[in-house]
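Me: I've got this one open on my screen and would like a close look at a single part of it. Could you pick a spot, walk me through it, and then show me what else is around?

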Amino acid sequence: MNELTDLTTDLVSIPSHEDETAAGDFIEAWLRAETDAEVTRDGVGNVVARVNPGVGESLALVGHHDVVPPAERQLTDDGEYIVETRDGRIYGRGAADMKGADVAAMLAFRDAAESATNEVVFASFVDEELGGNGVRSALDDGLSLDYAVVAEGSTNYSGPNRTDLVVAHRGRRASVLEVTGTACHASEPEKGENAIYRACDAVDIVRELDVPDSEVLGNAVSGSIAVTEIDGGSAWNVIPDECSVIIDERTVPGGYADLAQTESIEGVEWVVEQDLPPMACDDAEFAERVFDAAKRVHDARGDDAPEQVTKPHATDAGWLAQEGTTCVVYGPSEPGEAHTKNESVSLDVLERCYETYRATLEEW
């Protein structure tokens, strides 16, 4: 499918780690030229295209066109992105996460939208890599979607040669324990209150906390929690009066660890810096509908049968689900591909995703 290869190469080649404007321009212009959809571009750069707006329940294909900063090997001397096609894969920053998926969804939207009798939508957001700022802005401005297939990675989760359907994923809550004490000379430590000791007492609490589990459509989702950084002290002979502890927590639908317990230690304040919501598909019939389309596509291509799975990483599906959109995740990126210096995406898998997106939309 040369169009898929060419369009993916064109989009991946557009730098969008600092400014997504040019990538958004490309997507917007293509949608206006190739479809009869109602295309909008909001003030932060999100691109949304609709066919049959307001008719029945809406189904969206959702992506994002920002990327993480490229590795040095992914840039030319002039700061342009290097994109290469070899061995059935496209290499370049954003190929897997997630411009290849964007293109597969764009083509499916164009080719299937006319067959849909209810509203179908294509949306590509900005700032997903910065915590979902783009989709949050769109939701604040009134974006409302009934159902969505978010095109983040779900390929080879249950085994090789398949793109699985994600029915739930974990969220991420990033917390800081700000710990205070009383400084004094280290030769007389009893005259002060050691902030690092207090921090260690709080860390002991974190280590013993229960992390919640959940089950979504028969699939288990387990949380996790870990201290990832401690910073305190100013000199070898000073009892520290400040210390901070950074905590990475992976949350599950309906549950968090009870980090408030850390504040039982004197001088400890618990501060949440970021809270990316988890996602749980709340409609088994919708999940089965997309899953059936995926299975038919896999079977027709001679690929191994996909499974319904869960995903360990947060995506924009969490923000959408939090506002009432029923979501699943289905996309070409494989474990270990996103954000790497050798990032790539399989052309066969892009075609598989295109066919599944198209079949799902055609039947809407």
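Reply: Quick bit of vocabulary before we dig in: a helix here is a DSSP run of H or I with at least four residues, a strand is a run of E with at least two, and both are numbered from the N terminus. Keep in mind too that this is a predicted model.

The part I'd pick is helix H3, which covers residues 95-112. Start at Met 98, which sits in this helix. The peptide bond leading into Met 98 from Asp 97 is cis, with omega near -10 degrees. That's worth a second glance, because most peptide bonds are trans.

Now look at the partner of H3. It packs with helix H8 (residues 347-362) at an angle of about 35 degrees, and the two axes are 8 Å apart. The crossing of H3 past H8 is right-handed. On the H3 side, the residues meeting H8 include Gly 100, Ala 101, Ala 104, Ala 105, Leu 107, Ala 108 and Phe 109. H8 brings Leu 350, Tyr 354, Tyr 357, Arg 358, Leu 361 and Glu 362 to the contact. Sorted by class, this contact has 11 nonpolar residues, one polar and three charged.

Both helices fall in domain 1 (1-169 + 277-363), while domain 2 takes 170-274. The C-alpha centres of domain 1 and domain 2 are 36 Å apart, and their contact draws on 19 residues from domain 1 and 12 from domain 2. Between them the domains bury about 1,100 Å², with 61% of that on carbon and sulfur atoms. Within domain 1, the residues losing the most area to domain 2 are Pro 278, Thr 310 and Pro 312, which together make up 37% of what that side buries.

What about charge pairs? Across the interface of domain 1 and domain 2, the count of salt bridges is zero, although the model has 26 by the same rule. One example is Arg 41 with Asp 25, where the closest N and O atoms are 3.0 Å apart. That pair ties strand E1 (residues 38-41), home of Arg 41, to helix H2 (residues 21-34), home of Asp 25, across 16 residues of chain.

One last backbone stop: Asn 156 has a positive phi, near 65 degrees, without being a glycine. You'll find Asn 156 in the loop between strand E7 (147-150) and strand E8 (165-169).

How values were computed
Residues are numbered from 1 along each chain as its sequence is written. This is a predicted model: local features need pLDDT of at least 70, side-chain atom pairs count only at pLDDT 80 or more; totals for chains, interfaces and linings use all residues. Side-chain values use heavy atoms; hydrogens and water are left out. Axes are lines fitted to C-alpha atoms, for helices over the stretch in contact, and angles run from 0 to 180 degrees between N-to-C directions. A crossing is left-handed if the near helix is turned anticlockwise from the far one by less than a right angle, and right-handed if clockwise. Contact means heavy atoms within 4.5 Å. Ala, Val, Leu, Ile, Met, Phe, Trp, Tyr, Cys and Pro count as nonpolar, Asp, Glu, Lys and Arg as charged, and the others, Gly among them, as polar. Domain bounds come from an automatic or database domain assignment. Buried area is the accessible area (1.4 Å probe) that two parts lose on being put together, summed over both. A salt bridge is a side-chain nitrogen of Lys or Arg within 4 Å of a carboxyl oxygen of Asp or Glu.
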